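This report covers one helix, the nonpolar core, a set of paired strands and the cysteines. Please view the sequence and the structure before reading on.

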Amino acid sequence: MPALTYDQIRVLNLFGVFTENPDRPLFTLENLHKDFYLTDFRNLMMGITQASTETAAVSHFSRRYGMFMAMQFYMLSMYDEIWDGKKVDVRFSLINEFGVNTLGTFITPNDYRFVEDKEREYVISKLLYQCHEVFQQFRKTTSISPLTLWENLFGYMLWNYYEQLENPLLADRAFEDLEILEGTKAWQLFSNKSWFYQYTGGKNPADLINKPVRKSCCFSKDIPGLMHCEYCPMK
């Protein structure tokens, strides 16, 4: 198992992902895969966010989960590594971020592993399917579109790929992963199209940064303390 460097831990922390044990874990990723827990999850998120709607509360958490998964794709393209632990070892705990209560993601640092070239497309397909499974669970809690959920993830991924493509030393792997994400093969376990290609239109991330790429609302406007998304298509 590769040991995480200081820089890796720093970037993970910037995306709300931590490698220490939380003081009071509220639930795990495994809990979210159990239908009987979903009502408690929805009510918990309503309480933590003080959102005006259930959809806004669930969308907010999907963005936190999206940050964790965006870090999976980031670590893959940057270091050929992914976190490959158990669902029970992904724990969510209350943190305060810029004066707003939200959830941090806590993982075991010794569960990162190297990804071989021959398994790269399979690994990306596996990560996408993990997202799909969790998004399906979110949709059982309230009326929220799959487009909103995927775009909550893609926004973080787009920024990460933009930064990597700007660096000639990092661009090759980023381009390789983008090609896989924009093809249909990696999505075929649950879709006949690439949701990522639908999001980017096949354009270079540099052409999309700071532009209204989203086609759905993330509902941040409905959570106290959070600003209206600058690129919201619902304006």
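The expected span of a helix is 1.5 Å times one less than its number of residues. The model discussed here is predicted.

**Helix α3**

Helix α3 covers residues 38-49, and its 12 residues should span 16 Å at 1.5 Å a residue; the end C-alpha atoms are 16 Å apart, which agrees. The buried residues of α3 are Leu38, Phe41, Arg42, Met45, Ile48 and Thr49. Viewed down the helix axis, these buried residues lie within an arc of 130°, so they line one face of α3. They pack against the strands β2 (25-28), β4 (91-97) and β5 (100-106), and against the helices α2 (29-32), α4 (54-79) and α5 (120-138). After α3 comes glutamine 50, which has a positive phi near 55°.

**Nonpolar core**

The largest nonpolar core has 67 residues, and Phe61, Tyr65 and Phe138 touch the most other members. Helix α4 supplies the largest share of this core, with 14 residues. In soluble globular proteins, nonpolar side chains tend to be buried together. Leaving aside residues up to four places away in sequence, phenylalanine 61 is in contact with Phe27, Leu32, Phe41, Met45, Phe92, Leu103 and Phe138. Two of these contacts, Phe41 and Met45, are among the buried residues of α3.

**Strand β5 and its partners**

Six of the seven residues of β5 are buried, so the rest of the structure largely encloses this strand. The pairings of β5 are as follows.

| Partner of β5 | Bridges | Direction |
|---|---|---|
| β1 (residues 17-18) | two bridges | parallel |
| β4 | seven bridges | antiparallel |

On the β1 side, phenylalanine 18 stands opposite phenylalanine 106 of β5. On the β4 side, asparagine 96 stands opposite asparagine 101 of β5. Strands β4 and β5 form a hairpin with two residues between them, where phenylalanine 98 has a positive phi near 55°.

**Cysteines**

How many disulfides does the count come to? The count is zero. A disulfide is a covalent bond between the sulfur atoms of two cysteines. The cut-off for counting a pair is a sulfur-to-sulfur distance within 2.5 Å. For cysteine 131, the closest cysteine sulfur is that of cysteine 218, and it lies 17 Å away, too far for a bond. Is cysteine 131 buried or exposed? Cysteine 131 is buried, with a relative accessible area of 0%. Cysteine 218 is buried as well, with a relative accessible area of 4%.

Definitions and conventions
Residues numbered from 1 in each chain as written. Predicted model: local features only at pLDDT ≥ 70, side-chain atom pairs only at ≥ 80, totals over all residues. Heavy atoms only, no water. Helix = DSSP H or I, 4+ residues; strand = E, 2+ residues; numbered from the N terminus. Buried < 20%, exposed > 50% of the residue type's maximum accessible area, 1.4 Å probe, protein only. Arc of directions from axis to C-beta. Contact = heavy atoms within 4.5 Å. Core = buried A, V, L, I, M, F, W, Y, C linked by side-chain atoms within 4.5 Å. Pairing = 2+ DSSP bridges.
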